[in-house]
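This briefing is concerned with side-chain pairings, burial and surface character. Please look through the sequence and the structure before turning to the points below.

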Amino acid sequence: MNWEDFLTFRRMITPYLIQALFWIGVAVSILAGCAILFGGITGAGIAGRRDGAGAILGALCLSPLVVLLGILLSRIYAELLIVTFRISETLTDIKELLERQRPTGA
């Protein structure tokens with residue numbers, strides 16, 4: 001790949017952006033899981049709450065689930081978006097290969 005391919009739109013930049021968005025989604029999932037975990041633990045200590053153990057147990061169960069599902073859904077979404085660009089790049093490579101193999105007099 002070279003800059004000419006990017007400037008003439010033969011190669012796309014969007015797949016790289018999608019990868020960056022995936023990692024942002026992973027970070028958001030981890031932060032959301034931590035927020036649920038710490039929110040459940042600190043919320044259980046608030047005066048007047050009778051379900052302190054239930055809040056802690058819920059946070060311990062829910063936070064890993066949020067992290068795993070968030071990462072999984074981010075990955076699936078990124079793959080669904082990027083497959084379109086991979087198909088386009090593969091078809092472009094096939095077209096270029098066929099053009100090079102075509103006889104010049106035809």
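Rings of Phe, Tyr and Trp, the last taken by its six-membered ring, count as a pair if their centres lie within 6.5 Å, with planes over 60 degrees apart classed as edge-to-face. By this rule the structure, which is a predicted model, has one aromatic pair.

**Aromatic pair and the charge over it**

- The pair is formed by Phe 22 and Trp 23, whose ring centres are 5.0 Å apart and whose planes stand at 65°, so the arrangement is edge-to-face.
- The two partners are set apart by their accessibility, since Phe 22 is buried at 12% relative accessibility, whereas Trp 23 is exposed, with a relative accessible area of 57%.
- Phe 22 also has a charged neighbour, as Arg 75 lies over the face of its ring at 5.7 Å from the ring centre.

**Salt bridges in helix H3**

- Side chains of opposite charge can pair when their charged atoms come close.
- Two salt bridges are found in the structure, and one of them joins Arg 75, the residue placed over the ring of Phe 22, to Glu 79, with the closest N and O atoms 2.6 Å apart.
- Arg 75 and Glu 79 are four residues apart in helix H3, which spans residues 52–101, so that about one helical turn separates them.
- Arg 75 is partly exposed at 44% relative accessibility, and Glu 79 is likewise partly exposed, at 39%.
- The other bridge links the side chains of Lys 95 and Glu 99 at 3.8 Å, N to O, and these residues, too, are four places apart in helix H3 and hence separated by about one helical turn.
- Glu 99 counts as partly exposed, with a relative accessibility of 42%.

**A buried serine in helix H2**

- Ser 29 has its place in helix H2, which covers residues 14–44, and is buried, with a relative accessible area of 8%.
- When neighbours within four places in sequence are left aside, Ser 29 is in contact with Val 66, Val 67, Gly 70, Ile 71 and Ser 74.

**Nonpolar surface**

- Leu 62, Leu 65, Leu 69, Leu 72, Leu 73, Ile 76 and Leu 80 make a nonpolar surface patch of about 660 Å².
- Leu 65, one of the residues of this patch, is found in helix H3 and counts as partly exposed at 45% relative accessibility.

Conventions
Residues are numbered from 1 along each chain as its sequence is written. This is a predicted model: local features need pLDDT of at least 70, side-chain atom pairs count only at pLDDT 80 or more; totals for chains, interfaces and linings use all residues. Side-chain values use heavy atoms; hydrogens and water are left out. A salt bridge is a side-chain nitrogen of Lys or Arg within 4 Å of a carboxyl oxygen of Asp or Glu. Helices (H or I, at least four residues) and strands (E, at least two) are DSSP runs, numbered from the N terminus. Buried means under 20% relative accessible area, exposed over 50%, partly exposed in between (1.4 Å probe, protein chains only). Contact means heavy atoms within 4.5 Å. Patches are made of residues with over 30% relative accessible area and no salt bridge: like charges are joined within 9 Å, nonpolar side chains (Val, Leu, Ile, Met, Phe, Trp, Tyr) within 5 Å. Accessible areas come from the Shrake-Rupley method with a 1.4 Å probe; for residues, only the protein chains shown count as cover. Rings of Phe, Tyr and Trp (its six-membered ring) pair if their centres lie within 6.5 Å; planes under 30 degrees apart count as stacked, over 60 as edge-to-face and the rest as tilted. A charge sits over a ring if NZ of Lys or CZ of Arg is within 6 Å of the ring centre and within 35 degrees of the ring normal.
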